[in-house]
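Please brief me on this structure. Keep it short and group the points by topic.

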Amino acid sequence: MKVTGKLTQADFKELSPKLDAALYATRASQVNILVDISEFDGWEWRAVFDDISLGLRLGAEFNRVALYGQKSWQGLLARSRSWITGSKIKAFTHYDDAFKWSLAS
C-alpha cells in the first residue's frame with residue numbers, strides 16, 4: 001500500500017471499507033503488509049483520530065507491518081503503532097529490506 005500527501009477524514013472514510021474487504025478476502029487470520037510512506041506528508045488534525053481508531057480496530061489483523069520511507073520520524077511512528085495495535089511494525093529506509101521483512105512469518 002502506498003500513502004501519499006496528507007491524509008484527511010475523507011481518505012479514511014474511503015480506505016476503511018476497502019481495507020475491510022481486502023482483509024476479508026484474504027481469509028487469513030493475520031496478514032503482513034508493506035506500507036510505502038516515502039511520499040506521506042502527515043495527517044489533517046481530525047484524521048489523526050481516524051487513523052488511531054482504524055489501528056485499534058484492525059491492529060490484530062496484521063502480523064507484520066513494514067513502513068518504508070525516508071522521514072526521520074517514521075521509527076517513532078512504527079514504535080507507537082506497534083504499542084497501540086500489538087502488531088509487529090518496523091520502519092525501513094531501504095525498500096528491499098522492508099519488502100523482505102514483510103514476507104517473513
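Arginine 27 is exposed in this predicted model, with a relative accessible area of 73%. The residue sits in the loop between α1 and β2. Its phi is positive, about 55°, although arginine 27 is not a glycine. Most residues other than glycine have a negative phi.

**Exposed positions**

- Arginine 27 counts as exposed because its relative accessible area of 73% is over the 50% cut-off.
- Arginine 27 follows just after α1.
- Leucine 103 is also a nonpolar residue to look at: its relative accessible area is 58%, so leucine 103 too is exposed, the cut-off being over 50%.
- Leucine 103 belongs to helix α4, which covers residues 95-103.
- From leucine 103 to alanine 21 the C-alpha distance is 21 Å, and the two are 82 residues apart in sequence.

**Helix α1**

- Helix α1 runs over residues 9-26, 18 residues in total.
- From first C-alpha to last, α1 reaches 26 Å, close to the 26 Å expected at 1.5 Å a residue.
- A kink of about 25° lies at leucine 15 in α1.
- Proline 17 comes shortly after that kink.
- Which residues of α1 are buried? They are Phe12, Ser16, Leu19 and Leu23.
- The cover over the buried residues of α1 includes the strands β1 (2-7), β2 (31-43) and β3 (62-68).
- Helix α2 (45-58) is also part of that cover.

**The sheet**

- Four strands form an open sheet in the order β1-β2-β3-β4.
- Their pairing is parallel.
- β1 and β4 (88-92) are the edge strands, each pairing on one side only.
- From one strand to the next, the twist averages 30°.
- β2 and β3 pair in the parallel sense over six bridges.
- Valine 31 has phenylalanine 62 in β3 as its bridge partner.
- β3 and β4 also pair in the parallel sense, over five bridges.
- Leucine 67 has alanine 91 in β4 as its bridge partner.
- How many of the seven residues of β3 are buried? Seven of seven are, and the strand is mostly covered.

**Nonpolar cores**

- Nonpolar side chains tend to be buried together in soluble globular proteins.
- The largest nonpolar core here has 19 residues.
- Within this core, Val35, Phe62, Val65 and Leu67 touch the most other members.
- At least two core residues come from each of β1, α1, β2, α2, β3 and α3 (74-85).
- β2 supplies the largest share of this core, five residues.
- Another core, of six residues, lies apart from it.
- Members of that other core include Tyr68, Phe92, Ala98 and Trp101.

**Phenylalanine 62**

- Which residues does phenylalanine 62 contact, leaving aside neighbours within four places in sequence?
- The contacts are Leu19, Leu23, Gln30, Val31, Ile33 and Ser87.
- Among these, Leu19 and Leu23 are buried residues of α1.
- Val31 is the residue whose bridge partner in β3 is phenylalanine 62.
- Phenylalanine 62 is also one of the residues that touch the most other members of the largest core.

Key
Residues numbered from 1 in each chain as written. Predicted model: local features only at pLDDT ≥ 70, side-chain atom pairs only at ≥ 80, totals over all residues. Heavy atoms only, no water. Expected span 1.5 Å × (residues − 1). Bend = angle between axes of the 7 residues up to and from the residue. Buried < 20%, exposed > 50% of the residue type's maximum accessible area, 1.4 Å probe, protein only. Contact = heavy atoms within 4.5 Å. Core = buried A, V, L, I, M, F, W, Y, C linked by side-chain atoms within 4.5 Å. Pairing = 2+ DSSP bridges. Axes fitted to C-alpha atoms, helices over the stretch in contact; angles between N-to-C directions.
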